[in-house]
Amino acid sequence: MGKTKDITLFGDIEEETVQRIYDRVQELNQDKEVDKVRFLINSLGGEVTSTVTIAYILEEVNKPVEVEILGEIGSCAAFLVCMLKNQGCKVACHRDSKFMIHTSRLEGNYANFASELKDSVRSIKGANKIQTREIAKATKLGKKKIRKIVDGERDYEVVGKKIQKIGLADRVIK
């Protein structure tokens, strides 16, 4: 019987997170005793580019991957879990786990940078389109409801068994 090993993502999703997860995947792909990988996540999100990169890196794991939501996932972290489910990963959550999605937000001071603001808005619209597609595919929420969430200013949150009810989690850990 083989071993299960973990890859963890706790906290912000950023460039350093990408490198750490890449290194861990390379290590686990070389370990012949490992036959299953758990991706443990508790994150409120971070950078979109880093999020997508992590999804592609985890797609390269040469063993089955199960995602386990430990606390809460929000924003880009929720997007990441949806991407992983769409790649074929099983997803588990705990009865008190939280799933939260919302519109992408601008950060920083763009008051004197009209062209940068215009480019950022275009980027956010593109990110929202991709997030809507991936979240709709991974859940039962439907594109229309997700568009309302990502185009609006309200957060959408579900907890525990409701994460399974909307189709994201395959099972709830008690």
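**Figure 1. The right-handed β-α-β unit made by β2, α2 and β3**. In this predicted model, strand β2, helix α2 and strand β3 form a right-handed β-α-β unit, where right-handed means that, with the strands pointing away from the viewer, the path from the first strand over the helix to the second runs clockwise. Elements are DSSP runs numbered from the N terminus, with helices (H or I) of at least four residues and strands (E) of at least two. β2 and β3 pair in the parallel sense over 6 bridges, pairing being called when DSSP finds at least two bridges between two strands. Within this pairing, V37 stands opposite V65 in β3. Residues are numbered from 1 along each chain as its sequence is written, and because the model is predicted, local features need pLDDT of at least 70 and side-chain atom pairs count only at pLDDT 80 or more, while totals for chains, interfaces and linings use all residues. Side-chain values use heavy atoms, with hydrogens and water left out.

**Figure 2. Strands β1 and β2 with the helix that links them**. Strand β1, residues 3–10, and strand β2, residues 34–43, run parallel and are joined by 8 bridges. The chain passes from β1 through helix α1, residues 15–30, to β2, and this β-α-β crossover is right-handed. In β2, V34 is the bridge partner of K3. When side chains are inspected in this view, it may help to recall that in a regular strand they alternate between the two faces of the sheet.

**Figure 3. Strands β3, β4 and β7**. Strand β3 (residues 65–74) pairs with strand β4 (residues 90–94) in the parallel sense over 4 bridges, and E66 has K90 of β4 as its bridge partner. On the path between these two strands lies helix α3 (residues 76–86), and β3, α3 and β4 make a right-handed β-α-β unit. β4 also pairs with strand β7 (residues 171–173), again in the parallel sense, over 3 bridges, and here A92 stands opposite R171 in β7. Over the chain as a whole there are 6 helices and 7 strands, which run from the N terminus in the order β-α-β-α-β-α-β-β-α-α-β-α-β.

**Figure 4. Helix α3 and the residues at its two ends**. Helix α3 is mostly covered, with 10 of its 11 residues buried, buried meaning under 20% relative accessible area, exposed over 50%, and partly exposed in between (1.4 Å probe, protein chains only). The buried residues of α3 include C76, F79, L80, V81, M83 and K85. C82 counts as buried because its relative accessibility is 0%, and C89 is buried as well, with a relative accessible area of 10%. A search of the whole structure for disulfides, that is, pairs of cysteine sulfur atoms within 2.5 Å, finds 0. S75, in the loop between β3 and α3, has a positive phi near 55°, in a residue other than glycine. Most residues other than glycine have a negative phi. After α3 comes G88, whose phi is also positive, near 110°. For the chain of 174 residues, 45% count as buried.

**Figure 5. Two exposed residues and their C-alpha separations**. E60 sits in the loop between α2 (48–58) and β3 and counts as exposed because its relative accessibility is 54%. The C-alpha atoms of E60 and V25 are separated by 7.8 Å, although the two residues are 35 apart along the chain. K174 lies in the segment after β7 and likewise counts as exposed, at 71% relative accessibility. Its C-alpha atom is 8.9 Å from that of C93, a residue 81 positions away along the chain.

**Figure 6. The second largest pocket and its lining**. The second largest pocket has a volume of about 160 Å³. A pocket is an open set of points on a 1 Å grid over the protein atoms alone where a 1.4 Å probe fits, with protein on both sides within 12 Å along at least five of seven lines, and lining residues have an atom within 4 Å of a point; the volume is the space filled by probe spheres set on the points, which are joined across faces, edges and corners. The lining consists of K125, N128, K129, T132, R133, K143, R147, V150 and D151. Helices α4 (114–138) and α5 (143–151) each supply at least two of the lining residues, and α4 gives the most, with 5. By class, the lining divides into 1 nonpolar, 2 polar and 6 charged residues, where Ala, Val, Leu, Ile, Met, Phe, Trp, Tyr, Cys and Pro count as nonpolar, Asp, Glu, Lys and Arg as charged, and the others, Gly among them, as polar.
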